[in-house]
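Subject: Structure handover

Hello,

Here is the structure you asked for. Please open it alongside this note.

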Amino acid sequence: MTVWNTLLNPARRRASSQAPMPLGGHEVRTEIERDYDRILYAAPVRRMADKTQVFPLGRNDVARTRLTHSHEVGNLARAMGIDLVFNHGVGRGRAHVERDIPALLATLGLAHDLGNPPFGHQGERAIQTWFERHADSVLGEGHGLTEAMRQDFLRFEGNAQALRLLTKLQILNDDYGLNLTHATLAALIKYPTPSDRIDKAIAVRRKHGFFQSEAAIVEEVWAATGLGEGQRHPLCFLLEACDDIAYCVLDAEDAVKKRLLSFHDILAHLRHVAGSDATVTWVCESAEREHRAYREAGLSPAELNDISMQVFRIRAIGALTRALTEGWLRHQQAVLAGAFTGELLAVSDAGPLIGALRQFNLRHIYRHPSVLRVELTGFEVIHQLMDMLWFAITDRTDPARADSARRSPFASYAYGRISENYRRVFESPRNAMPMRYREVQLLTDMIAGMTDSYALGLRDELRPHFLAAAPRRDRLHD
């Protein structure tokens with residue numbers, strides 16, 4: 001199938017300089033399988049172990065982190081790829097397609113949250129709010145910014161940051177980042193639109209998927225994979241659905257494990273909201289039937305609640321993935337043609353189930369005091385760090401030179417605490433973006449790359465010295 005030959009383009013933006021295998025060996029991985037390994041061993045993946053998924057991270061806790069969530073999404077997506085290729089004949093016609101589709105889906109699952117800031121889902125909103133508060137002084141007229149450049153930060157997006165991280169910020173020995181294949185980069189762009197052409201009425205354009213600093217890379221990737229603005233890579237629809245399944249079901253499982261609610265609370269909600277739906281009825285009845293059997297085994301109430309929730313997780317994920325497979329097969333021609341712009345789960349037989357689970361999580365989990373406390377802390381810490389690092393980035397002797405000396409001891413010290421990789425990109429003479437854009441992007445690169453504990457520690461380290469730096473700090477946004 002020609003369409004898959006193009007969509008799974010294994011070429012890289014720079015020809016690979018892979019060293020010869022020793023002792024006459026040969027490479028056993030496809031290029032797309034190698035992408036997974038390149039990302040797996042990158043430092044940002046390890047950092048996700050200390051980034052909040054939903055619940056606060058505690059010692060000896062079983063709550064999911066960004067890292068465990070990403071591995072689970074990757075596992076679900078890879079399994080979907082195996083099912084579609086080997087059981088339904090999707091994408092056959094290229095020598096390695098049976099390997100490349102599952103491998104690419106696993107890679108997307110591993111990488112999809114790499115650009116998310118610390119402190120859970122509200123980290124992005126904290127960054128956006130800081131720019132809203134300082135829009136006139138930081139992003140206003142006189143700095144050479146286009147509207148798209150301004151919107152990149154007023155609508156800061158973790159998806160766009162992930163693409164930037166993998167193509168620019170993971171420096172090896174050139175400007176190509178991890179130098180991933182065109183196929184992987186194309187599929188990573190969840191929202192194939194720039195920040196000034198968002199359309200919230202269309203699912204694939206609801207947010208933006210790249211910054212203006214990476215727009216040329218995106219055009220190159222689209223040309224190599226037969227895609228264009230507003231056209232999402234077909235496998236990205238599957239990744240999106242697997243991400244939805246993971247957070248809708250597994251966030252609820254974490255809440256039960258933390259004793260915030262019970263297995264019965266979830267069933268009661270599903271039956272109240274969508275009890276007449278056949279898929280919801282099957283999941284609830286199956287889980288409850290096994291719950292009754294386990295109740296006769298002499299388990300404690302806590303054990304019974306936990307094992308019943310595990311059974312619910314298995315039944316719900318099974319029903320959702322089966323419906324996703326059917327939804328893909330039903331809409332695959334429109335998906336491959338770029339004419340499908342919705343969500344596969346929403347138009348599948350499991351639409352009522354996923355909708356009811358989302359509603360349950362929003363009402364009973366994401367508004368729980370422990371979750372809101374993480375978000376509050378995140379807002380405070382991120383805003384304080386942005387104040388301090390912005391001062392450090394801009395308080396330099398020559399505003400036209402990114403590498404010029406800082407004008408105060410605090411600025412010198414705080415600037416040195418910014419990742420060397422990020423500073424090198426900011427100071428590079430090859431960086432053609434306007435200086436103000438470069439300054440703002442250095443700030444967001446650093447904030448988005450932090451873990452929860454690093455952000456807390458750096459805030460505590462810098463803040464006393466920053467407060468002592470008055471009155472120079474009073475010219476923060478000049």
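Start with Glu253. Glu253 is buried, at a relative accessible area of 9%. The model is a predicted one, so please read every value below as computed from predicted coordinates.

**Salt bridges**

Glu253 pairs with Arg313 in a salt bridge, 3.0 Å from N to O. This pair links distant parts of the chain. Arg313 sits in helix H15 (residues 301–337) and Glu253 in helix H12 (residues 234–257), 60 residues apart. Arg313 is partly exposed, with 24% relative accessibility. Its partner Glu253 counts as buried because its value, 9%, falls under the 20% cut-off.

The pair does not stand alone. Arg64, Glu72, Glu253, Asp254 and Arg313 are joined into one network by salt bridges that share partners. Within that network, Arg64 bridges to Glu72, with the closest N and O atoms 2.7 Å apart. Arg64 is buried, at 13% relative accessibility. Glu72 is partly exposed, at 23%.

Another salt bridge joins Arg29 and Glu27. The closest N and O atoms there are 2.7 Å apart. Arg29 is partly exposed, with a relative accessible area of 31%. Glu27 is partly exposed too, at 23%. The count for salt bridges comes to 36.

**Aromatic pairs**

How many aromatic pairs does a search of the whole structure find? The search gives 11. One of them is Phe237 with Phe340, an edge-to-face pair. The ring centres are 5.3 Å apart, and the planes meet at 70 degrees. Phe237 belongs to helix H12, while Phe340 is in the loop between H15 and helix H16 (351–364). The pair therefore ties together parts that lie 103 residues apart in sequence. Phe237 is buried, with a relative accessible area of 1%. Phe340 is buried as well, at 11%.

Phe410 and Phe466 make a tilted pair. Here the centres are 5.4 Å apart, with 45 degrees between the planes. This pair also links distant parts of the chain. Phe410 is in helix H18 (residues 409–416) and Phe466 in helix H21 (residues 452–468), 56 residues apart. Both Phe410 and Phe466 are buried.

There is also a cluster of rings. Ring pairs link Trp130, Phe131, Phe153, Phe156, Phe211, Trp390 and Tyr437.

**Charges over rings**

Two arginines are worth a look. Arg322 lies over the face of Trp282, 5.2 Å from the ring centre. Arg423 has its charged end over the ring of Tyr415, at 5.7 Å from the centre.

**Cavities**

The structure holds 3 cavities of 30 Å³ or more. The largest contains about 80 Å³ of space. Its lining is made up of Pro44, Arg47, Met48, Lys51, Leu114, Gly115, Gln161, Leu165, Tyr422, Asp445, Ala448 and Gly449. Helix H3 (43–47), helix H9 (158–169) and helix H20 (435–449) are the elements that give two or more residues to this lining. H20 gives the most, with 3 residues. By class, the lining has 6 nonpolar, 3 polar and 3 charged residues.

The second largest cavity has a volume of about 40 Å³. Arg164, Val425, Phe426, Asn431, Arg438, Gln441, Leu442 and Asp445 line this one. Helix H19 (420–427) and H20 are the elements that give two or more residues here. Which element gives the most to the lining of the second largest cavity? That is H20, with 4 residues. The lining of the second largest cavity divides into 3 nonpolar, 2 polar and 3 charged residues.

Note the overlap. Asp445 appears in the lining of the largest cavity and in that of the second largest. H20 is the top contributor to the largest cavity and to the second largest.

**Where to look**

For a quick pass, begin at the salt bridge of Arg313 and Glu253. Then go to the ring pair of Phe237 and Phe340. Helix H12 holds Glu253 and also Phe237. Finish at H20, which gives 3 residues to the lining of the largest cavity and 4 to that of the second largest.

Best wishes

Note on methods
Residues are numbered from 1 along each chain as its sequence is written. This is a predicted model: local features need pLDDT of at least 70, side-chain atom pairs count only at pLDDT 80 or more; totals for chains, interfaces and linings use all residues. Side-chain values use heavy atoms; hydrogens and water are left out. On a 1 Å grid over the protein atoms alone, a cavity is a set of points where a 1.4 Å probe fits but cannot get out, and a pocket is an open set with protein on both sides within 12 Å along at least five of seven lines; lining residues have an atom within 4 Å of a point. Grid points are joined across faces, edges and corners, and a volume is the space filled by probe spheres set on the points. Ala, Val, Leu, Ile, Met, Phe, Trp, Tyr, Cys and Pro count as nonpolar, Asp, Glu, Lys and Arg as charged, and the others, Gly among them, as polar. A salt bridge is a side-chain nitrogen of Lys or Arg within 4 Å of a carboxyl oxygen of Asp or Glu. Buried means under 20% relative accessible area, exposed over 50%, partly exposed in between (1.4 Å probe, protein chains only). Rings of Phe, Tyr and Trp (its six-membered ring) pair if their centres lie within 6.5 Å; planes under 30 degrees apart count as stacked, over 60 as edge-to-face and the rest as tilted. A charge sits over a ring if NZ of Lys or CZ of Arg is within 6 Å of the ring centre and within 35 degrees of the ring normal.
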